[in-house]
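Look at the model below before reading on. The text then goes through a sheet, the helices on it, and a core.

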Amino acid sequence: MAKKKFYVIWMGHVPGVYTEWDKAKQQIDGYKGAKFKSFPDRAQAEAAFRNGYATYLNQALPAAPGGTRHPRSRPASSAFPTTDTIISRSISVDAACSGNPGRMEYQGVTTSGKERLFHRAFPLGTNNIGEFLALVHALAFLQKQQQPDLPIYTDSKIAMGWIRKGKCKTTLPRNKKTAELHEMIDRAEAWLKGNKITNPVYKWKTEVWGEIPADFGRK
């Protein structure tokens, strides 16, 4: 009996972890620059998918003499995975702030049609907080919709870093004006602590693709 394998699709039509090769193959057929690999157990596959292709590649390449990784394993974008082309079936999130701090709002939209899926506004906040909350909102939204593999795009490296750490590293004071916002931050951090992230989060290539679909158009 053949040993069961788990297939990680980092870059494909619908990235994720698949248990059947036929379904995994559908995600890479016709996809230029597809990134995928099989793993012998689920835990290893899910960890590789969660950490991203660049991180996996960095770990997989042999070390150079002296125990350090070869420089090729450290591409500038390794910490922030992206895709070669836009995955149309995905969600895009963004935030806008009038001042810093100032009135802040964030939203999530469908990448292809720019259909608004959620939106929140606060009287006082920062853009980084908005980007962070937008990402967590998207993750929770997709979990509730039972779409654990749908990709999410953001143009914020800071928000991606905060998501990985499970912590919103803001210095915005907690007071009467920011009480509701800080309550949202607390809830977002609690969600990250109590839930497993399965949706791939990708960096939007603004310099190549233009403004992210969720952009508020205020630049």
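In β3, the residue bridged to I9 is F36. This pair is a place to begin in what is a predicted model. The bridge is part of a wider contact between strands: β1 (residues 6-11) and β3 (residues 35-39) are joined by five bridges and run antiparallel.

β1 also pairs with β2 (residues 16-18), here through three bridges, and again the strands run antiparallel. In this pairing, Y7 of β1 has Y18 of β2 opposite. The chain gets from β1 to β2 by a hairpin, with four residues making the connection.

Put together, these pairings give an open sheet of three strands, with antiparallel pairing and the order β2-β1-β3. What stands at the edges of the sheet? β2 and β3 do, and each has a single partner strand, so one side of each is left without a neighbour in the sheet. On average, neighbouring strands of the sheet are turned by 20° against each other, direction ignored.

Helices also lie on these strands. Helix α2 (residues 42-51) packs on the sheet and touches β1, β2 and β3. The direction of α2 makes about 5° with that of β1. Helix α1 (residues 21-28) lies across the three strands β1, β2 and β3 as well, and runs at about 10° to β1.

Is β1 mostly covered or mostly open? Strand β1 is mostly covered, since six of its six residues are buried.

The next topic is the nonpolar core. In soluble globular proteins, nonpolar side chains tend to be buried together. In this model the largest nonpolar core has 31 residues. Those with the most contacts inside this core are V93, Y106, I129, F132, L133, L135 and L181.

Which elements each supply at least two residues of this core? They are the strands β4 (91-99), β5 (102-110) and β6 (116-125), together with the helices α4 (127-144), α5 (157-165) and α6 (179-194). The largest share comes from α4, which gives nine residues.

One residue of the core, L135, can be followed further. Neighbours within four places in sequence are left aside here. L135 is then in contact with V93, I152, T154, A159, M160, I163 and V201. Among these partners, V93 is also listed with L135 as one of the residues with the most contacts inside the core.

Notes
Residues numbered from 1 in each chain as written. Predicted model: local features only at pLDDT ≥ 70, side-chain atom pairs only at ≥ 80, totals over all residues. Heavy atoms only, no water. Core = buried A, V, L, I, M, F, W, Y, C linked by side-chain atoms within 4.5 Å. Buried < 20%, exposed > 50% of the residue type's maximum accessible area, 1.4 Å probe, protein only. Contact = heavy atoms within 4.5 Å. Pairing = 2+ DSSP bridges. Axes fitted to C-alpha atoms, helices over the stretch in contact; angles between N-to-C directions.
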